[in-house]
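This report looks at helix packing, the nonpolar core and one loop residue. The structure comes first.

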Amino acid sequence: MARFEVSSRELVEVAAQGGAPDALFELGMMYSTGRDVPMNLIEAHKWFNLAALRGNDAAKRYRVEISAELSKAEIAEAQRLARDWMRKH
C-alpha cells in the first residue's frame, strides 16, 4: 500500500474547504505565527475573518488584534481575499 506524506497545512486546508470554523481558525493561527507556512498577517486576517463569519469567537478576537498591525489597504486586501474564497467555496 502506498503512503502519502501530507503536511498539517494540507490537512487543515482540506478541512477548511468545507468551511469548518475550527479549520478556518487553525489556518489563521498558522499564518499568524508562521507555523508550517510563511508568516503572513494578511492571510491570517483572511482566515480569521472567515472563521469569525462562521461563529468562531476566538477568531473574532484574533482578527481585531491582527487588524491593529495592518494598514487599511492590507485589511482591505484581506477582506477581498476572504470574499474571493467565499465565492469559490
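## Packing of α2 and α4

In this predicted model, helix α2 (residues 21-33) packs against helix α4 (residues 57-67) at an angle of about 30°. Their axes are 10 Å apart. Angles under 35 degrees count as roughly parallel, so α2 is roughly parallel to α4. The crossing of the two helices is left-handed.

From α2, the contact is made by F25, M29 and S32. From α4, A58, A59, Y62 and I66 take part. By class, the residues of this contact are six nonpolar, one polar and no charged.

## The nonpolar core

The largest nonpolar core has 22 residues. F25, W47 and F48 have the most contacts inside it. Four helices each supply at least two residues of this core: α2, α3 (41-53), α4 and α5 (72-88). The largest share, seven residues, comes from α3. In soluble globular proteins, nonpolar side chains tend to be buried together.

F48 touches both α2 and α4. Leaving aside neighbours within four places in sequence, F48 is in contact with F25, G28, M29 and S32. A59, Y62, R63 and I66 are also in contact with F48. F25 thus appears again: F25 belongs to the contact of α2 with α4, and F25 is among the core residues with the most contacts.

## A loop residue and a distant partner

G18 lies in the loop between α1 (8-17) and α2. Its relative accessibility is 72%, and exposed means over 50%, so G18 counts as exposed. G18 and H89 are 71 residues apart in sequence. In space, their C-alpha atoms are 7.4 Å apart.

Notes. Residues are numbered from 1 along each chain as its sequence is written. This is a predicted model: local features need pLDDT of at least 70, side-chain atom pairs count only at pLDDT 80 or more; totals for chains, interfaces and linings use all residues. Side-chain values use heavy atoms; hydrogens and water are left out. Axes are lines fitted to C-alpha atoms, for helices over the stretch in contact, and angles run from 0 to 180 degrees between N-to-C directions. Angles under 35 degrees count as roughly parallel, over 145 as roughly antiparallel, 65 to 115 as roughly perpendicular and the rest as oblique. A crossing is left-handed if the near helix is turned anticlockwise from the far one by less than a right angle, and right-handed if clockwise. Contact means heavy atoms within 4.5 Å. Ala, Val, Leu, Ile, Met, Phe, Trp, Tyr, Cys and Pro count as nonpolar, Asp, Glu, Lys and Arg as charged, and the others, Gly among them, as polar. A nonpolar core is a set of buried Ala, Val, Leu, Ile, Met, Phe, Trp, Tyr and Cys residues joined through side-chain atoms within 4.5 Å. Buried means under 20% relative accessible area, exposed over 50%, partly exposed in between (1.4 Å probe, protein chains only).
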